[in-house]
Amino acid sequence: MDGRIMTKQSRVLPMVEIFQTVEGEGLKAGFPTTFVRLYNCNLRCKWCDTTYSYAPHQPEFYATIEEIVEQVVQLENPSICLTGGEPLMHGDKSAALIQALAEQPVIEEIHIETNGAIDLTPFCALRATNTDVREKVRFIMDVKLRSSGEKEAMVWENFPLLSGQDEIKFVIGDEREFKEAVEVIESYYEQGQLLFSPVWEQLAPAALVEMILASPYKRAKLSLQTHKYIWHPEQKGV
Ligand SMILES: Nc1nc2[nH]cc(C(=O)O)c2c(=O)[nH]1
Ligand code: SF4
Ligand SMILES: [Mg+2]
């Protein structure tokens, strides 16, 4: 973020959807949450389940930061999931949205689903300087492994920027990929909740549990995409 005053036009974001449901994944699984899904992504993961959030699909609508905040506040959920696509692709606009949401008293916690291929430096700087952002904002950072086809895009320098309140998510397709995750953890991991999530309909959750229990990571968490069990796995807006 630089010091320029943003014009109204520059505060418009391309959007996919805003809806409320229960969080399906991670530490906040099961809690009522408002989802803000921004349009566009800088990656094209092979197993992506939100391909409708980037080209050739178009944004569903455009909204100013004020309009997004108004809709989110009306839903009154204390937890917010900022997702996409890649919600941090919009640089200063992503940061301005995060700050505006964090400054709302009704909002207690904002978790940001980021793909690991965006430099978190400016967003962590905002967390260091703004009290509301520091108290409320948590990153859930993906680590893309080989089967995603996007491992080369990972910004490994993000690891030391993460705090203990953040989450680090590995999507695992098979045992070889779990070993790859272990290598990444041994090379880069400093702090944050480790999450292991099975590729939907590819790896049985029970097999992943065995891998976790056989690993040295006794504080790691199995993270199932519970929304895919509650609703049809392809249903949007849940
Ligand atoms: N219920 C629910 N939980 C989720 N957690 C992460 C999601 C995402 O699409 O990023 C998601 C989602 O789409 N729905
Ligand atoms: S980063 Fe997320 S939204 Fe983007 S292609 Fe990969 S899985 Fe899909
Ligand atoms: Mg999803």
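This report looks at two ligand surroundings and one sheet in a predicted model.

Let's begin with the ligands. Ligand 1 has a ring of neighbours that includes Thr21, Glu23, Gly24, Glu25, Thr50, Cys81, Thr83, Glu113, His227 and Val238. Around ligand 2 you'll find Cys41, Leu43, Arg44, Cys45, Cys48, Thr50, Ser53, Gly84, Gly85, Glu86 and Asn115. Here is how the two shells split by residue class:

| Shell | Nonpolar | Polar | Charged |
|---|---|---|---|
| Ligand 1 | two residues | five residues | three residues |
| Ligand 2 | four residues | five residues | two residues |

Now pick out Thr50, which is listed around ligand 1 and also around ligand 2. Where does Thr50 sit in the chain? It lies in the loop that links β2 (32-38) and β3 (61-64). The unreviewed UniProt entry lists Thr50 under "binding site". Thr50 counts as partly exposed because it has 16 C-beta neighbours inside 10 Å, and that label falls between the buried cut-off of 20 or more and the exposed cut-off of 12 or fewer.

On to the sheet. Nine strands make up an open sheet with mixed pairing, and their order is β3-β1-β2-β4-β5-β6-β7-β8-β9. Its edge strands are β3 and β9 (221-222), each pairing on one side only. What holds paired strands together in general? Strands of a sheet pair through backbone hydrogen bonds, in a parallel or an antiparallel way.

For a parallel example, take β4 (residues 79-83) and β5 (residues 109-114), which pair over four bridges. Across that pair, Cys81 stands opposite His111 in β5. Cys81 also turns up among the residues around ligand 1.

Technical notes. Residues numbered from 1 in each chain as written. Chains lettered and ligands numbered in written order. Predicted model: local features only at pLDDT ≥ 70, side-chain atom pairs only at ≥ 80, totals over all residues. Near = placed C-beta within 6 Å. Nonpolar A, V, L, I, M, F, W, Y, C, P; charged D, E, K, R; others polar. UniProt positions renumbered as here; feature names shortened; annotations may be inferred. Helix = DSSP H or I, 4+ residues; strand = E, 2+ residues; numbered from the N terminus. Pairing = 2+ DSSP bridges.
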